[in-house]
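Here are my comments on the model you sent, set out as numbered points. They deal with charged pairs, a nonpolar core and a pocket.

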Amino acid sequence: MQKCPKPSKLKQDIDSFNQDKLGFVRIWDLCLLFLQGRQQIVYDRTSGDLRRARVDGQTVTINLILNMYRNLQSRLEVAYPGTTVLPSSPGAEDIIKAKTAEAALQYYWQEQRMSEVYSDLLGWILSCGSGALHTRYNGKNVTTEVVTPYNLYFEPDESNWVAVAKLVNREDLVEAYPDKKELIEKAASSPRGKDQKRSFYGLYPTKDLQDRLEVFEVYFRNGKRKILLESDYIYEGDWVGETFPIQFVRYSKIPGRLWGVGAIEPLLEIQIA
């Protein structure tokens, strides 16, 4: 059975993956900015960062991308998936089991507002090319939420683990894991708010994130689930069920490439022209 890495090694792998992902992150940034109508921002491939385009005089920008995006999303939302359970045999007992299971599944579908979750996921895969559904059992209920590509991390080689990044209030984290109180109180606040350029472009909230901590919820293929804060595990346990909790979804799969290509990326050069 695969062994889970030490927390310091896992943190190192996440940081390394984050650096490798940076080029894709800037493309996602650009796609989201273009959807907002901010076509004066361009991606400088030399510096690997965003910059303002030089504009001579006053210009008028007509956003040709937004209507295409809305049209695609509305069409895909109409194709909203349904749920059904078929009996394993024509016997009365199996038919009753199938009907009961289908009723439970439909209740879950309505209770979790899966149509809204599905719409949210579509927005991310259309704009950025990738997204994920995170399904878990919290001890009382089964919940499903969308994970953006910004918050997804994969084990570099064999993908033996998948991590989801989250920003959590320090006091909430202390309440959830009181035995790790000292470790949590000493932890540095999230670095996300320090990206001044992305905050300026409106891609991050400008509010102070000083008392928010970045944690990584990590799922291993061997059934283990751990929560990483900096270079320490603050929780270690098992994930529930037989299906892997993170389902990765891509709009267009490109051979040899992890991240999908969305509907917006191929249109960037056309919009600029």
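1. In this predicted model, K166 has a relative accessible area of 22%, and because burial would require a value under 20%, K166 is classed as partly exposed. Its salt-bridge partner E145 is also partly exposed, at 29% relative accessibility. The two side chains meet with a distance of 3.4 Å from N to O, and the pair links distant parts of the chain, since K166 belongs to strand 6 and E145 to strand 4 (residues 142-147), with their positions 21 residues apart in the numbering.

2. A second pair is set in another environment: E217 and R225 form a salt bridge at 2.8 Å, N to O, and both E217 and R225 are buried.

3. The side chains of E236 and K226 also form a salt bridge, in which the closest N and O atoms are 2.5 Å apart. E236 lies in strand 9 (residues 232-238) and K226 in strand 8 (residues 224-229), so this bridge ties together parts that are 10 residues apart in sequence. K226 has a relative accessible area of 8%, and because this is under 20%, K226 counts as buried.

4. The pairs of points 1 and 2 should be read together, as R136, E145, K166, E217 and R225 are linked in a network of salt bridges. For the model as a whole, the count comes to 12 salt bridges.

5. Turning to the nonpolar interior, the largest core has 28 residues, and those with the most contacts inside it are L10, I14, L152, Y153, W161, F216 and I246. Two or more residues each are given to this core by helix 1 (7-35), strand 5 (152-154), strand 6 (161-169) and strand 7 (212-220), with helix 1 providing the largest share, six residues. In soluble globular proteins, nonpolar side chains tend to be buried together.

6. W161 deserves a separate look in the viewer. Leaving aside neighbours within four places in sequence, W161 is in contact with L10, D13, I14, Y153, F154, E155, P156, V218, Y219 and F220.

7. The second largest pocket has a volume of about 350 Å³. Of the 17 residues that line this pocket, T135, R136, Y137, V240 and P245 are the closest to its centre; R136 is also a member of the salt-bridge network of point 4. Strand 3 (residues 130-137) contributes the largest share of the lining, four residues, and the lining as a whole divides into eight nonpolar, five polar and four charged residues.

Definitions and conventions:
Residues numbered from 1 in each chain as written. Predicted model: local features only at pLDDT ≥ 70, side-chain atom pairs only at ≥ 80, totals over all residues. Heavy atoms only, no water. Core = buried A, V, L, I, M, F, W, Y, C linked by side-chain atoms within 4.5 Å. Buried < 20%, exposed > 50% of the residue type's maximum accessible area, 1.4 Å probe, protein only. Contact = heavy atoms within 4.5 Å. 1 Å grid on protein atoms, 1.4 Å probe; cavity = no way out; pocket = protein on both sides within 12 Å on 5 of 7 lines; lining within 4 Å. Points joined across faces, edges and corners; volume = space filled by probe spheres on them. Nonpolar A, V, L, I, M, F, W, Y, C, P; charged D, E, K, R; others polar. Salt bridge = Lys/Arg side-chain N within 4 Å of Asp/Glu carboxyl O.
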